[in-house]
Amino acid sequence: MKIEAKSISEVQITRKGQQRLASGHLWIYRSDLEESSERSKKGKGSSKQQLEPGSIVEVVGYNGKTLGRALYSSKSQIALRMLTSRDEIIDRGFWKRRLEMALALRKQVVIDAEAYRVVHGEADLLPSLIVDKYKDYLVIQMLSQGMDSLREVWVELLSEIFQPKAIVERNDVKVRKLEGLSEQVAVLAGTAPDEITVNQNGLLFTVDLLRGQKTGLFLDQRENHATAMRYAKGRALDCFTFVGGFALHMAKSAETVLGLDVSEVAIAQAERNAKLNRLNVTFEAVNVFDRLRNFYDSEEKFDTVVLDPPAFAKNREAVEGATRGYKEINMRAMKLIKPGGILITCTCSFHVSEELFLGILQSAAADAGRQ
């Protein structure tokens, strides 16, 4: 159980890093560390030693001013993830307070859901930690060296606060490799069933906590699924449907719904969810780009189209290619929509900003001859 040591190491950052921190950014990149800052003095007159991977460090500005405390990574380009701007001890009580703050917020904003995100990383000042709740089960992801080293702390605190039937570790995500961490899936506490059923906005979804994509469902789209239920009409098309999140919700208001996804496993799960809710939704396991092109060639039209593709830009270098990809699918979707129809379009690419995405949509609309 890694808690802050009595003697804490200092890491100094550059003027640029300090300016980014002052703007509200909680990450400090390796390029913003002073050259000698990744070696710390353990005591006056002692030799310098390397900082411990995943340790808690004191962050010092280029002018020598203490800026707070952060989790240190020895591998990732995100060298520091800020925890606090105050001079406070990072101990068990600190982590428990942060968890309780996250839960208090969710109690205010989560309505009519058996599955939702309890901890959303940096948004809850618990950087690189994800905790999803599925009824009486918790799924956790620890995406940095610092959070991974606190595994025992999270199991202990989550068990104390939630009394879950099981805590499942879904650390089978590629981003952990950037931290020098292995990918793994395990039950950390209790007993997890092969499958559970949860209610989302009045609909039932089956969830595989150990093998499902992400942590089982795309919980970040929960509110958007409910909104799509209000907007959908006529003939609806759900592209990149996964297990039918948008498709099943739109079936409540649209006349017909077709869901597309390249994954046969996801489509099979979507069909099971449709039967579970007694909804008449059709699904196809196809390449979505090809199917959109086929719809256009055959002059088919839809009243509602949803685009919820996977992240096209995994890093900054991929933004240019992602921009082309987003423009293509949005242009094709716009050409398929009847006058007065609805387009619900999404991007989960961190490196594609809202401003850039809106620009892509404007360009796509121009090429599609639509407003």
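How many salt bridges does the structure hold? I looked this up at the start and found 27 salt bridges. I took a salt bridge to be a side-chain nitrogen of Lys or Arg within 4 Å of a carboxyl oxygen of Asp or Glu.

**Entry 1: the model**

I noted that this is a predicted model, in which local features need pLDDT of at least 70 and side-chain atom pairs count only at pLDDT 80 or more, while totals for chains, interfaces and linings use all residues. Residues are numbered from 1 along each chain as its sequence is written, and side-chain values use heavy atoms, with hydrogens and water left out.

**Entry 2: the whole protein**

I recorded 10 helices and 19 strands. Helices (H or I, at least four residues) and strands (E, at least two) are DSSP runs, numbered from the N terminus.

I then looked up the overall dimensions. The C-alpha trace spans about 80 × 45 × 35 Å along its principal axes. The radius of gyration is 23 Å, which agrees with the value near 21 Å for a compact globule of 371 residues. This radius is taken over C-alpha atoms, and the globule rule is 2.2 Å times the number of residues to the power 0.38.

The accessible surface comes to about 18,200 Å², and 48% of it belongs to carbon and sulfur atoms. Accessible areas come from the Shrake-Rupley method with a 1.4 Å probe; for residues, only the protein chains shown count as cover. Buried residues make up 51% of the 371 residues. Buried means under 20% relative accessible area, exposed over 50%, and partly exposed in between (1.4 Å probe, protein chains only).

Of the contacts with a separation of 6 or more, 59% are between residues 24 or more positions apart. A contact means heavy atoms within 4.5 Å.

**Entry 3: selected salt bridges**

I examined Glu179 and Arg81, whose side chains meet in a salt bridge (3.2 Å, N to O). This pair links distant parts of the chain, 98 residues apart: Glu179 is in the loop between strand S11 (166–171) and strand S12 (184–190), and Arg81 is in strand S7 (residues 78–84). Both Glu179 and Arg81 are buried.

Next I checked Arg293 and Glu328, which form a salt bridge at 3.4 Å, N to O. The pair also links distant parts of the chain, with Arg293 in helix H8 (residues 288–297) and Glu328 in helix H9 (residues 319–336), 35 residues apart. Arg293 is partly exposed because its relative accessible area is 29%. Glu328 is likewise partly exposed, at 25%.

In the salt bridge of Arg151 with Asp148, the closest N and O atoms are 2.5 Å apart. Asp148 has 16% relative accessibility, so I counted Asp148 as buried. I also found a network of salt bridges that links Arg92, Lys96, Glu156 and Glu160.

**Entry 4: Asp238**

Which side chain of opposite charge is nearest to Asp238? It is Arg291, 13 Å away; Asp238 is buried yet has no salt bridge. For charge, Lys and Arg count as positive and Asp and Glu as negative, while His and the chain ends are not counted.

Asp238 is found in strand S15 (residues 235–239). I noted a polar contact of 2.7 Å between the side chains of Asp238 and Thr241. A polar contact is a pair of N or O atoms within 3.5 Å; within protein, one must be able to donate a hydrogen and the other to accept it, and residues adjacent in sequence count only if both atoms are side-chain atoms. A polar atom of the Asp238 side chain also lies 3.0 Å from the backbone nitrogen of Ala247. Beyond its neighbours within four places in sequence, Asp238 is in contact with residues including Phe246, Met250, Leu260 and Val306.

**Entry 5: Gln145**

I located Gln145 in helix H3 (residues 145–148). Gln145 is buried because its relative accessible area is 9%. The Gln145 side chain reaches the backbone nitrogen of Gly54 at 3.4 Å, and one of its polar atoms lies 2.9 Å from the backbone oxygen of Glu179.

**Entry 6: positive phi**

Most residues other than glycine have a negative phi. I therefore looked up two residues with a positive value, as follows. Phe242 has a phi of about 60° and is placed in the loop between S15 and helix H6 (245–250). Arg278 has a phi near 55° and is placed in the loop between helix H7 (264–276) and strand S17 (282–285). Phe242 is buried, at 9% relative accessible area, whereas Arg278 is exposed, at 79%.
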